[in-house]
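Student: Hi! Could you go through this structure with me? I'd like to start with how the chains meet.
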Amino acid sequence: MAVTPQTVEDLAHAGRSRGGWWSVVADFIRRRPLGAIGAAIILVMVFLAATAELIAPYDPLATDYAAMLAAPNKTHWLGTDAYGRDVLSRMVYGSRTALMVGLGASLLGAVFGSMIGVASAYFGGRVDLVVQRVMDVFFAFPVIILALAVVAVLGTGAGNVILAIATPMIPRCARVVRASALSVREMPYVDAARAAGFVHSRIILRHMLPNVMAPILIMATAFLGEAILLEASLSFLGLGVTEPTAAWGLMLRGAAVEFAESAPWMAVFPGLAISLAVFGFNLFGDSLRDALDPRLRTQ
Amino acid sequence: MRAGMTGYILKRLLLIIPTLFGVAVLIFLLLRVVPGDVVEARYMGQGGQFQSQEQMQLERKKLGLDQPMWKQFTTWMAGIARLDFGLSMWTGSPITEEIKLRFALSLQLAIMASTVATLLAIPLGILAAIKQDTWVDYAVRVFSIAGLAMPSFWLGILMILCMLIIFKWLPPMVFTPFWVNPWENLAQLFWPALAVGYRYSAVGTRMMRSAMLEVLREDYIRTARAKGLWMKLILSRHAMKNAILPVLTIISLEFAFLLGGLVVTEQVFNLNGLGMLFVEAIARRDYTLTQALVMLVATTFLIVNFAVDIAYAWLDPRIRYR
Amino acid sequence: MRQIVRLFALAAAAALSLASIAQTPRSGGELVFPVPSEPPSYDGHREETFGLIHPFAPFYNTLLRVDPNDTGGTKPAPSLAESWTVSPDSKTYTFKLRSGVKFHDGSEMTSKDVKASYDKIIFPPAGVGSTRQGQYAVVEAVEAPDAYTVRFRLKYASASFLASLLSPYNFIYKADTLAKDMNWYEKNIMGTGPFTFVEHVKGSHVVGKKNANYWDQGKPYLDGFRAIFMPSSSAQVAAVRAERAHIQFRGFSPKDRDTLKAALGDKITVQESPWDCILMVGINHEKKPFDDKRVRRALSLALDRHEASKSLSQIAIVKAVAGVQVPGTPFATPPEELNKLAGYWTDAAKSRAEARRLLKEAGVPEGFSFTFTNRGVPMPYEPLAVWMIDQWRQIGLNVKQEVLEGAAYFTPLRTGGTQVHMDFQCGYIVEPDLDMYKFLSTSRNPANYGRYSDPVLDDLYDKQSRATNVEERKRLVRQFEKRLLDEEAHYLMTLQWHRIIPHSSKLKGWTVTPSHYLNNTLDTVWLTQ
């Protein structure tokens with residue numbers, strides 16, 4: 001049987017070995033059904049986002065006041081909202097916004113966070129101390145307040161929202177990655193590289209970073225879920241993505257709350273979409289962590 | 001042992017001060033970068049076309065907004081040193097007065113939510129660990145992640161609608177402190193505590209499960225399992241201590257954020273708490289109030305952090321000498 | 001003979017009282033109502049928010065008030081002033097004050113209190129805020145010749161002066177207190193009103209108790225009131241729905257009204273009225289191509305207001321198609337005339353074709369993009385923005401929305417950094433002087449973010465302000481409106497807001513008016529049981 005992958009390198013190796021990727025995937029599905037469900041949800045979301053123009057029956061921005069607040073029917077499978085816009089189309093395009101914001105913020109947060117975390121762990125000493133204090137400062141702000149403050153400075157809109165959400169993510173990622181990197185730093189090959197006189201950046205990038213990929217990946221998937229939720233909260237407060245963009249959080253605002261009883265499809269479907277997306281990312285991240293965390297081997 | 005402990009305590013305490021200072025500087029600068037000021041927010045809010053610019057400038061002078069930044073900062077710092085947290089720029093009342101009642105509500109809510117989270121996380125985590133990879137495990141994980149995945153305001157809206165439509169009942173609209181009327185108090189805060197606690201239990205459950213899994217793998221447990229005595233041993237002091245500690249850590253670390261971070265929940269349940277105050281203060285550009293709130297949350301966070309660090313150091317002497 | 005007269009009188013009285021038993025106000029009960037926002041201070045002269053009026057107006061009286069039974073919200077009625085006269089040249093207004101009115105601390109209200117309060121409003125000393133000072137520029141002096149007479153001397157005859165005295169914010173304060181500390185009333189309350197102040201818990205609620213020594217015998221009917229601060233509108237609706245609150249004095253959305261009606265049936269009474277609030281599109285005349293009036297006209301022509309009136313009124317608090325005055329009020333332009341203005345034509349297709357033609361003529365390319373700056377308030381800013389962006393799309397314009405929250409909104413407006421933005425206006429009384437002031441040249445009114453100079457418009461405003469003949473005034477107002485909205489299209493009116501007040505049927509004695517600042521003294525309100 002294929003060797004159970006324990007690190008990302010193992011995974012890559014397994015992919016290249018006999019049986020190839022498919023056996024890895026099949027193995028994953030069999031052993032971690034929850035994670036497989038999560039992955040499936042993510043794939044559906046990505047698919048919808050990529051093919052939105054083909055799949056969505058209507059233009060998400062097209063209003064049709066004659067058909068406003070229509071219940072799900074043959075022409076509008078998920079009904080229409082307060083302006084007569086097709087809920088299904090807006091949901092499909094909304095997945096694109098969610099992924100964009102989620103991926104953007106998550107990537108930004110993970111990239112900058114891990115760079116800071118690894119560098120801090122590698123250089124140690126005073127650099128580490130100062131960086132830790134600075135991270136602590138950002139850490140001491142509740143996530144949503146920090147995001148709010150950034151939105152207040154930069155303004156609303158998708159781009160600014162990505163920055164606003166990434167900001168509280170950076171110190172959190174940095175802390176986790178630093179903990180991981182600290183243990184890597186003691187590894188013999190890092191010492192060897194230092195002794196050989198390699199430049200710091202090279203050691204960090206080629207030796208330390210790959211070995212902390214696992215926690216970074218797990219963080220990133222967890223962040224994606226958080227980011228989508230945070231965007232929903234910000235849009236709910238009116239401080240996120242702006243109309244008439246199709247975004248799940250935005251769809252939950254205002255009219256959706258008001259019409260929650262008489263036209264529940266306006267609030268139920270976007271809420272469900274958000275929950276499912278975050279759910280999927282968390283399930284997948286959970287299983288990924290289980291798979292990659294050597295301490296949880298059950299065999 | 002004692003000397004090492006005192007030294008460690010002192011070292012951690014000292015580290016709090018620069019961090020707090022950093023928070024103060026950050027929020028101070030952040031607020032002044034944001035466009036608009038409190039005078040504008042107050043007078044232009046309803047059209048303000050009959051208001052003169054000279055009046056507004058005089059207001060700014062009264063609030064000290066015309067002074068250079070470094071002076072505003074040092075005035076603020078000097079005030080804190082005297083334990084005088086200043087006046088709210090929006091209402092002109094002392095900040096301690098503004099925060100008092102909201103703090104009581106948010107504190108109680110944070111405590112109740114953390115309790116709910118703990119009460120959910122520990123048993124569920126243990127259950128999931130014991131029955132790893134069975135449908136029980138899956139059910140627990142799905143249940144806890146579902147709590148994490150649902151937008152809190154969505155859950156809140158659904159809860160209130162349910163209460164209204166099915167039970168024709170609404171929680172009290174006004175906050176009554178616990179010592180004045182415990183029933184009114186709990187009737188209002190129980191529901192948001194439940195919603196919030198459910199959400200936060202997810203992280204705790206996950207942590208409890210993995211910590212428990214680690215404990216379960218230890219050899220002596222394995223042997224005991226084979227012999228059928230595993231239940232007793234699992235619930236032994238040693239096992240529980242090692243497993244529960246990380247969960248309590250996570251939950252207590254989140255506690256500080258429950259103080260100011262429940263913005264949307266407070267809006268949905270109509271709670272007069274710190275989260276709402278935060279949003280209003282930022283929207284009104286009430287610099288002094290926002291600064292004070294941020295410092296409050298940051299201080300709480302750092303103190304809780306400190307307490308957890310000390311607890312860990314006390315339990316695991318190796319940490320002290322790092 | 002006397003016996004028969006007495007019997008007859010008794011019988012008449014009995015008949016009358018039987019007839020009026022259904023309408024006799026009942027004393028007792030506590031009125032509970034949610035208030036969406038909390039005011040920064042208690043000083044009515046300083047604040048502009050309804051958040052001050054709803055919970056705190058019951059503690060005070062004003063010199064004059066708007067008749068609480070007038071649905072148009074314009075008729076003056078006596079309050080602290082019993083009666084008044086106007087001099088033949090309309091430059092002197094003399095008010096006779098009531099005697100025996102007591103402040104809540106027992107001291108008597110006399111003319112010196114009225115003078116001190118109005119001096120504070122009209123001639124505030126440096127450092128004392130008076131938000132509506134500009135409305136009283138016409139006042140030369142306020143005099144108190146004797147203890148129960150107050151006289152206002154004006155610089156010139158003004159058609160709107162009496163209306164400006166009806167402002168619900170002009171609380172009458174104690175002269176002695178003001179003499180000691182002009183800012184005392186920011187943090188304290190001492191008035192002559194129907195209710196006395198009990199408590200204010202920050203962020204939570206305000207409680208008032210019946211003033212047993214109120215000058216209007218028999219009133220107030222209520223034992224007290226409780227105003228609860230609730231920013232979330234769904235929480236407010238929930239409170240009324242659960243019958244824990246009787247009314248919300250600002251207004252609910254059409255959907256909320258339908259929900260309440262469906263849930264509570266007859267226990268809910270709905271009162272509706274056009275609202276003296278409107279959103280308009282402001283255009284920065286300093287930014288090309290908006291300096292070209294053809295472009296501005298095109299923007300207005302693209303908006304099919306009549307269609308929107310039907311559809312948007314179902315989801316938002318807007319309804320009537322309006323010009324510069326609330327439809328149905330004395331100076332409002334009747335629909336036949338209004339529909340001749342650009343943007344008000346009933347033929348939408350013709351309107352859009354004309355809009356496209358104008359854009360082409362002005363050299364604006366197809367797909368031209370600009371930014372619409374909107375305020376971060378959900379209702380009705382959002383639905384109107386969504387509607388307008390869609391309408392502009394239909395004439396080939398690609399509009400992006402920039403939403404600025406709270407205080408950030410005014411900065412780019414003030415510094416001229418916007419292209420097209422959403423502006424708003426809310427008045428406490430429908431009065432052309434007050435409603436049209438906003439549109440004066442920016443040199444005269446710096447709060448006109450359109451950044452234009454139009455001396456013809458200013459001249460029309462001044463003429464109508466001094467016109468003492470009502471018909472002449474109407475004519476001038478219409479001319480002003482035509483120039484503002486049609487010829488120059490400096491501003492584009494959207495739809496008039498629509499005030500919807502669903503309230504508990506137990507609440508009586510309250511009539512809706514076009515202003516959510518009026519009729520909040522609560523002295524005429526009573527509860528059935």
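Student: How many residues does each chain put into the contact?
Tutor: Chain A gives 45 residues and chain B gives 48 residues. Keep in mind that this is a predicted model.

Student: And what area is buried between chain A and chain B?
Tutor: About 4,300 Å², with carbon and sulfur atoms giving 74% of that.

Student: How many salt bridges are found across the interface?
Tutor: The count of salt bridges between chain A and chain B is 0. For polar contacts, there are 2 residue pairs, both at pLDDT 80 or more.

Student: Which elements of chain A give two or more residues to the side that touches chain B?
Tutor: Those are α3 (33-50), α6 (125-139), α7 (143-154), α8 (158-185), α11 (213-236) and α14 (265-292) of chain A. The largest share comes from α14(A), with 14 residues.

Student: How does that side split by class?
Tutor: On the side of chain A that touches chain B, 29 residues are nonpolar, 6 are polar and 10 are charged.

Student: New topic: where does B:L259 sit?
Tutor: B:L259 is in helix α11 of chain B, which covers residues 237-260.

Student: Is B:L259 buried or exposed?
Tutor: B:L259 counts as buried because its relative accessibility is 0%, and the cut-off for buried is under 20%.

Student: What does B:L259 touch, leaving out residues up to four places away in sequence?
Tutor: B:L259 touches B:F103, B:S106, B:L107, B:A110, B:L274, B:G275 and B:T300.

Student: How far apart are B:L259 and B:T300?
Tutor: They are 41 residues apart in sequence, and their C-alpha atoms are 8.8 Å apart in space.

Key:
Residues numbered from 1 in each chain as written. Chains lettered and ligands numbered in written order. Predicted model: local features only at pLDDT ≥ 70, side-chain atom pairs only at ≥ 80, totals over all residues. Heavy atoms only, no water. Contact = heavy atoms within 4.5 Å. Buried area = accessible area lost by both parts, 1.4 Å probe. Salt bridge = Lys/Arg side-chain N within 4 Å of Asp/Glu carboxyl O. Polar contact = N/O pair within 3.5 Å; in protein donor to acceptor, adjacent residues only side chain to side chain. Helix = DSSP H or I, 4+ residues; strand = E, 2+ residues; numbered from the N terminus. Nonpolar A, V, L, I, M, F, W, Y, C, P; charged D, E, K, R; others polar. Buried < 20%, exposed > 50% of the residue type's maximum accessible area, 1.4 Å probe, protein only.
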